[in-house]
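Hi everyone, thanks for making room for me today. I'd like to walk you through one structure, so please have a look at the screen.

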Amino acid sequence: TYFAIDMHQPGVEVRPLMQMNRYASFNEVFLSEARVPVNDVVGNVGEGWRPTLTTLASERFLPSVKQYSAGGRGLGGRCREEAAVETAEYAKTYVWYPQRAGRADLIVPHAQARGVVADPVIRQRIAALYSLDKAAKWTAARARDAKSAGKPAGPEGSIGKLVGSEISRRAAALHATLAGANGLLSGPESGLDGLLAEILVSQPGQSIAGGTDEIQRNIIGEKSLGLPREPAVDIDVPFRDVRTNAR
């Protein structure tokens, strides 16, 4: 069953998890005798998978839209200004997300700074990355148009998520190539004014968050291409009893 829960009630403990990029954007959450009013159930009891899929589809769509917008500051109105301040504070949690995406936008300046922009191999890798990034933005535009037209989330979310992971890997690898041994440095001593190390340690999360690359391929294969589902051994079985290679 899918439900919302009051995170400020007794019995809810949140423990931040420190990541290797030194941010703590995720948490362990422990629920001990916490209560959920029946009115906080989303959808129907026992049918939580439907709203879960809807939530995940929307989450995958988020990277393709401008997030955390409160309408802009400086436009007048107390509510608008306060909302903009709160939004900016909330967005600090995700300040490392552009680095997780590989920062393809910094590839050309990085190559220019390293003096290798004329290298034919580097130019070819930059061109391939640019082409893939451009195609991904077109897919994101189609997803936005479909959403504006009131259509349900389609395969564009999973396609965009999967391609985004590939772009982040290629961009991070190219940044590492451009930096050479300097890519091993961290903090302000690293390249790109300290961003290089953050890119390299944040990027692996792109292929995990919002559903792994393998999950996205399953969704595309089954929902869009009509391929058969993989054999399931965990249907209606408690997790402790799921068959494994050891049993």
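Let me start with a question: which residue forms a salt bridge with Arg78? The partner is Glu82, and the closest N and O atoms of the pair are 2.9 Å apart. Both residues sit in helix H2, which covers residues 78–91, and they are four residues apart, about one turn of the helix. Arg78 is exposed because its relative accessible area is 65%, over the 50% cut-off. Glu82, at 38% relative accessibility, counts as partly exposed.

Before I go on, please keep in mind that this is a predicted model.

Now the overall picture. The protein chain has eight helices and two strands, and along the sequence the pattern reads β-β-α-α-α-α-α-α-α-α. The C-alpha trace spans about 65 × 55 × 40 Å along its principal axes. There are 247 residues in the protein chain, and 25% of them count as buried. For the contact-map fans: among contacts with a separation of 6 or more, 64% are between residues 24 or more positions apart. The accessible surface comes to about 16,700 Å², with 57% of that belonging to carbon and sulfur atoms.

On to the core. In soluble globular proteins, nonpolar side chains tend to be buried together. Here, the largest nonpolar core has ten residues, among them Ile107, Ile122, Leu129, Ile167 and Leu178. Helix H4 (107–114), helix H5 (120–148) and helix H6 (156–179) each supply at least two residues of this core. If you want one residue to click on, try Ile126: leaving aside neighbours within four places in sequence, Ile126 is in contact with Ile107, Val108, Ala111 and Leu174.

Next, a pair of polar residues that I'd like you to find. Is Gln206 buried or exposed? Gln206 counts as buried, because its relative accessibility is 11% and the cut-off is under 20%. Gln206 is placed in the loop between helix H7 (195–202) and helix H8 (213–224). Beyond residues up to four places away in sequence, Gln206 touches Arg100, Ala101, Lys161, Gly164, Ser165 and Ser168.

Let's follow that contact to Arg100, which is found in helix H3, residues 97–100. Arg100 is buried, with a relative accessible area of 11%. Leaving aside neighbours within four places in sequence, the contacts of Arg100 are Ser168, Ser202, Gln203, Gly205, Gln206 and Ala209. Ser168 therefore appears in both lists, touching Gln206 and Arg100.

Finally, back to the charges. The protein chain has 30 positive and 27 negative charges, and their mean positions are 5 Å apart. How many salt bridges are there? The count comes to nine. One of them joins Arg15 and Glu13, with the closest N and O atoms 2.9 Å apart. Arg15 is partly exposed at 37% relative accessible area, and Glu13 is partly exposed at 37%.

Another salt bridge links Glu222 and Arg229, where the closest N and O atoms are 3.6 Å apart. In that pair, Glu222 counts as partly exposed at 21% relative accessibility, whereas Arg229 is exposed at 60%. There is also a network: Glu166, Arg169, Arg170 and Asp213 are joined by salt bridges that share partners.

That's my tour; thanks for listening, and I'm happy to take questions.

Conventions
Residues are numbered from 1 along each chain as its sequence is written. This is a predicted model: local features need pLDDT of at least 70, side-chain atom pairs count only at pLDDT 80 or more; totals for chains, interfaces and linings use all residues. Side-chain values use heavy atoms; hydrogens and water are left out. Buried means under 20% relative accessible area, exposed over 50%, partly exposed in between (1.4 Å probe, protein chains only). Contact means heavy atoms within 4.5 Å. Accessible areas come from the Shrake-Rupley method with a 1.4 Å probe; for residues, only the protein chains shown count as cover. Lys and Arg count as positive and Asp and Glu as negative; His and the chain ends are not counted. The place of a charge is taken as NZ of Lys, CZ of Arg, CG of Asp or CD of Glu. A nonpolar core is a set of buried Ala, Val, Leu, Ile, Met, Phe, Trp, Tyr and Cys residues joined through side-chain atoms within 4.5 Å. A salt bridge is a side-chain nitrogen of Lys or Arg within 4 Å of a carboxyl oxygen of Asp or Glu.
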